[in-house]
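Hi there,

Here is the structure I promised to pass on, with my notes below it. Please have it open while you read.

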Amino acid sequence: MDFRKILVFIGFTFEENKQPMKAKQLYIGHIFTLLCGSLIYILFRTSNLKMFVWFDKLQILDIINNLRSFTVSYSNNLPNIILYSLPDGLWMFSYVSLLLFLWKNEIKNENLFWLFIIPIISIISELGQLIKIVPGTFDSSDLLMYFLGTTLPFIIYKKSITINLIY
């Protein structure tokens, strides 16, 4: 199969048209980044995480463990930023991309709160770990990924974003 046809199939376009950008924004900007962040946790992180109890209750733990048997040994070779921080950035990117998509890339006063509440909570939580008012270990890589995950969608979709703020 032609590589160009594959790119068109997953939402890329070679014409100047906003609609394919919308498809890319949903499929790549939201679903793909959400899936990648989740797969890092599922395939490479410890099985002591709460989600593995959920997988057991959903009766899919055997399938997950079969997949992990091929991947978990590679987790020692992956940098900590990929294992522990990148999923946060991917999820943040996914969140911002989805909200922009749902609001047709229009930023208005009414959606500013929803657009920034999760990034703000995440960043404040990480900074709270630094000053020991939030449980956990501060990690500057997490902070960087939260920031990148929040700002990159605005940079990538800049040409299709409309800002209609009333002052």
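Helix α6 covers residues 109-130, and in this predicted model its length works out as it should: at 1.5 Å a residue, the 22 residues should span 32 Å, and the end C-alpha atoms are 31 Å apart, which agrees. There is a bend along the way, though. A kink of about 40° lies at Ile117, shortly before the proline Pro119.

Pro119 also turns up among the buried residues of α6, together with Asn111, Leu115, Ser122, Glu126, Gly128 and Gln129. What covers them? The cover includes α5 (80-102), β1 (106-108) and α7 (140-156).

The pairing with α5 deserves a closer look. In general, two packed helices are described by the angle between their axes and the distance between the axes. Here the axes of α5 and α6 come within 9 Å and cross at roughly 170°. Angles over 145 degrees count as roughly antiparallel, and therefore α5 and α6 are roughly antiparallel to each other. If you want to find the contact in the viewer, look on the α5 side for Met92, Tyr95, Val96, Leu99 and Leu100; they meet Trp114, Leu115, Ile117, Ile118, Pro119 and Ser122 in α6. So the kink residue Ile117 and the buried residues Leu115, Pro119 and Ser122 are among those that meet α5.

Now for α4 (residues 61-71), where Ile64, Arg68 and Thr71 are the buried residues. These cover an arc of only 60° around the axis, which puts them on the same side of α4. Asp62, Ile63, Asn66, Ser69 and Phe70, on the other side of the helix, are exposed.

Finally, two loop residues have backbone angles you may want to look at:

- Gln59 sits in the loop between α3 (50-57) and α4. Its phi is near 60°, a positive value in a residue other than glycine. Gln59 is exposed, with a relative accessible area of 72%.
- Lys132 comes just after α6, in the loop between α6 and α7. Lys132 is not a glycine either, yet has a positive phi of about 65°. At 68% relative accessibility, Lys132 counts as exposed.

Is Lys132 buried or exposed, if you color by accessibility? You should find it exposed, as given above.

Happy to go through any of this with you.

Best wishes

How values were computed
Residues numbered from 1 in each chain as written. Predicted model: local features only at pLDDT ≥ 70, side-chain atom pairs only at ≥ 80, totals over all residues. Heavy atoms only, no water. Buried < 20%, exposed > 50% of the residue type's maximum accessible area, 1.4 Å probe, protein only. Helix = DSSP H or I, 4+ residues; strand = E, 2+ residues; numbered from the N terminus. Arc of directions from axis to C-beta. Expected span 1.5 Å × (residues − 1). Bend = angle between axes of the 7 residues up to and from the residue. Contact = heavy atoms within 4.5 Å. Axes fitted to C-alpha atoms, helices over the stretch in contact; angles between N-to-C directions. Parallel < 35°, antiparallel > 145°, perpendicular 65-115°, else oblique.
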